[in-house]
Amino acid sequence: MTTAKFITFEGGDGSGKTTQLSRTVDWLKSQGKDVLQTFEPGDTALGKEIRRLLLSGEHTPVPATELLLFLADRAQHVEKVIKPALAAGKWVVCDRYTDSTLAYQLAGRALEDTQTLRDMLAWAECGLSPDVTIWLDLPVEDAALRMQERESGGEAANRLDEEKTSFHQAVYQAFDSIQKDSPQRIRRIDARQSIEGVQADIQAVLGQL
């Protein structure tokens, strides 16, 4: 029996993450895997309330508060959803995890990247790191065009989507740096390809597991 794996998907808004994650889950199931698809923030009862506070725009948290809310959501998610699924032998595929927090909250919000904050991020993981992370690499300019198409199609943007270009540039550069620091875990996929091309690359990476 193959050991259950924890797989995370990362990337900027507009990178096709939701589409590719869903296709990947279907493919893993076709390979005989028992798969749990989940996401952050918000995939627990408590997390739904945290997600609303973070993304609705009703109240704008200061950067430190935003970071702490994401970490609270993660700790709840790991203990209530991810760890039990892995213990039951399920493969867990998660939309966003700690790499997003590094990119969006530390880099995007220009929080000082100190060892203290790194320790807090690790603490919120409750000892659980991904086996492999898929980073859908899409330059900011391409992502902006895709987001415009989504909004013209009636899809509402959340508070983070509406940040300035400089914010999204900082996020992109952070993902790039994070991937270069952990190339064995974080696998870069060119998200400018067709949907089918991106999925083929993802399957090639995960097939190695």
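**Group meeting: a walk around helix H4**

Proline 41 sits in the loop that runs between strand S2 (35–39) and H2. I'm starting there, in what is a predicted model, since the peptide bond that joins glutamate 40 to proline 41 is cis, with omega at about -10 degrees. As a reminder, most peptide bonds are trans, and most residues other than glycine have a negative phi. Keep the second half of that in mind, please; we'll need it in a moment.

While we're in this part of the chain, have a look at H2 itself, which covers residues 45–55 and holds lysine 48. Lysine 48 has 52% relative accessibility, so it counts as exposed, the cut-off being over 50%. Its C-alpha atom is separated by 8.8 Å from that of aspartate 73, with the two positions 25 residues apart along the chain.

Now let's move on to H4, and to the loops on either side. Arginine 96 is in the loop between strand S3 (91–95) and H4. Arginine 96 is not a glycine, yet its phi is positive, about 80 degrees. Is arginine 96 buried or exposed? With a relative accessible area of 14%, arginine 96 is buried.

On the other side, just after H4, comes alanine 110, again with a positive phi, about 60 degrees. Alanine 110 belongs to the loop between H4 and H5. Here the relative accessible area is 65%, so alanine 110 is exposed. If you're clicking along, arginine 96 is the buried one and alanine 110 the exposed one.

So what about H4 itself? How many of its 11 residues are buried? The count is 10, so this helix is mostly covered, given that buried means under 20% relative accessible area. The buried set is made up of Thr98, Asp99, Ser100, Thr101, Leu102, Ala103, Tyr104, Gln105, Leu106 and Gly108. And what covers them? The cover includes S1, helix H3 (63–87), H5, S4, H7 and S5.

Let me take H5 out of that list. Two packed helices are described by the angle between their axes and the distance between the axes. For H4 (residues 98–108) and H5 (residues 115–124), the axes come within 10 Å and cross at roughly 145 degrees. The crossing is right-handed. On the H4 side, the contact uses Thr98, Thr101, Leu102 and Leu106, and on the H5 side Leu117, Arg118 and Leu121. Sorted by character, these contact residues are four nonpolar, two polar and one charged.

Next, the aromatic side chains. The model has five aromatic pairs. One of them is tyrosine 104 with phenylalanine 167: the ring centres are 6.0 Å apart, the planes make 55 degrees, and the pair is tilted. This pair links distant parts of the chain, as tyrosine 104 belongs to helix H4 and phenylalanine 167 to helix H7, 63 residues apart. Tyrosine 104 has 4% relative accessibility and counts as buried; phenylalanine 167, at 4%, counts as buried too.

Then there is tryptophan 135 with tyrosine 172. Their ring centres are 5.8 Å apart and their planes are at 50 degrees, so this pair is tilted as well. Because tryptophan 135 lies in strand S4 (residues 132–137) and tyrosine 172 in helix H7, the pair ties together parts 37 residues apart in sequence. Tryptophan 135 is buried at 2% relative accessibility, and tyrosine 172 is buried at 18%. Put Tyr104, Trp135, Phe167, Tyr172 and Phe175 together and you have one aromatic cluster.

That brings us to H7, residues 165–181. Its 17 residues should span 24 Å at 1.5 Å a residue, and the end C-alpha atoms are indeed 24 Å apart, so expectation and model agree. Its buried residues are Phe167, His168, Val171, Tyr172, Ala174, Phe175, Asp176, Ile178 and Gln179. When you look at that spacing, recall that an α-helix has 3.6 residues a turn, so residues three or four places apart point the same way.

Last stop, H8, residues 195–207. The same sum for its 13 residues gives 18 Å, which agrees with the 18 Å between its end C-alpha atoms. Gly197, Val198, Gln199, Ile202, Val205 and Leu206 are buried in H8. Among the elements that cover them are strand S1 (6–11), helix H1 (17–30), S4 and strand S5 (186–190).

That's my tour, thanks for listening!

Notes. Residues numbered from 1 in each chain as written. Predicted model: local features only at pLDDT ≥ 70, side-chain atom pairs only at ≥ 80, totals over all residues. Heavy atoms only, no water. Helix = DSSP H or I, 4+ residues; strand = E, 2+ residues; numbered from the N terminus. Expected span 1.5 Å × (residues − 1). Buried < 20%, exposed > 50% of the residue type's maximum accessible area, 1.4 Å probe, protein only. Axes fitted to C-alpha atoms, helices over the stretch in contact; angles between N-to-C directions. Left-handed = near helix turned anticlockwise from the far one by under 90°. Contact = heavy atoms within 4.5 Å. Nonpolar A, V, L, I, M, F, W, Y, C, P; charged D, E, K, R; others polar. Phe/Tyr/Trp six-rings, centres within 6.5 Å; stacked < 30°, edge-to-face > 60°.
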